[in-house]
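Reader: I should be grateful for a close look at a single part of this model, namely one helix and the neighbours against which it packs.

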Amino acid sequence: VLSPQDKANVKAVWEHVKGHEEVYGAEALYRAFLCDPQTQTYFAGKDLSENSAFLHSHGKKVMCALTNAIAHIDDIDGCMSKLSDKHAHELMVDPGNFDILAHHILTVLAMFLSQLLTCANHRSVDKFLSCVKNVLTSKYR
Ligand code: ZNH
């Protein structure tokens, strides 16, 4: 559960992510696909090479979904409900992959926003990404 302080920390960090969703998202996906090749299996037929159009468009979608979740941080469940259906019933992504992607998103935040990613902020964003994972994997049977 996110404390009021966690929510404030996540929002403070995300003020600096807004507007950069595409670049940060593409970098996080690129790293996930490179370091953890099993994540590629869900993207058969897509161009996953560095800076590909797909990495940019999909990275933007994923990060903008997080921006939206942070705008509705008291109702992450509600605002990600449709996305949760899609991941559970259509995409069927193994839940372990969410931890992998979260790790690479945090790495990218550390790269681009170094001083802002204090221990406290890192921990709060980590908790937030784990809430998102719980929502996106909650409808699995
Ligand atoms: Zn996911 C899709 C988000 C994780 C896989 N995604 C997607 C989208 C979004 C997202 C927004 C779009 C939708 C529509 O269009 O309708 N994701 C997300 C988030 C997360 C995720 C936020 C966390 C953080 N995913 C994930 C993972 C994986 C995935 C981990 C694996 C690895 N997704 C996916 C796929 C898809 C998606 C496969 C589809 C793509 C295409 O285009 O086809």
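Author: The following account concerns helix α6 and its packing partners.

The model is predicted, so local features require a pLDDT of at least 70 and side-chain atom pairs a pLDDT of 80 or more, whereas totals for chains, interfaces and linings use all residues. Residues are numbered from 1 along each chain as its sequence is written.

Helix α6 covers residues 96-112 and packs against helix α7, residues 119-136, at an angle of about 150°, with the axes 10 Å apart. Helices here are DSSP runs (H or I, at least four residues) numbered from the N terminus, and axes are lines fitted to C-alpha atoms over the stretch in contact, with angles running from 0 to 180 degrees between N-to-C directions. The angle therefore makes α6 roughly antiparallel to α7, a term for angles over 145 degrees. In this contact (C-beta atoms, placed from the backbone, within 7 Å), Phe98, Asp99, Ala102, Ile105, Leu106 and Leu109 of α6 meet residues of α7 including His122, Val125 and Leu129. By class, this contact of α6 with α7 comprises 8 nonpolar, 2 polar and 3 charged residues (nonpolar: Ala, Val, Leu, Ile, Met, Phe, Trp, Tyr, Cys and Pro; charged: Asp, Glu, Lys and Arg; polar: the others, Gly among them).

Helix α2, residues 21-35, also packs against α6: the axes come within 8 Å and cross at roughly 130°. That angle makes α2 oblique to α6, oblique being any angle outside the ranges under 35, 65 to 115 and over 145 degrees. Here Tyr24, Glu27, Ala28, Arg31 and Ala32 of α2 meet α6 residues, among them Ile100, His104, Ile105 and Phe112. The contact of α2 with α6 divides into 8 nonpolar, 2 polar and 2 charged residues.

Methods
Helix = DSSP H or I, 4+ residues; strand = E, 2+ residues; numbered from the N terminus. Contact = placed C-beta atoms within 7 Å.
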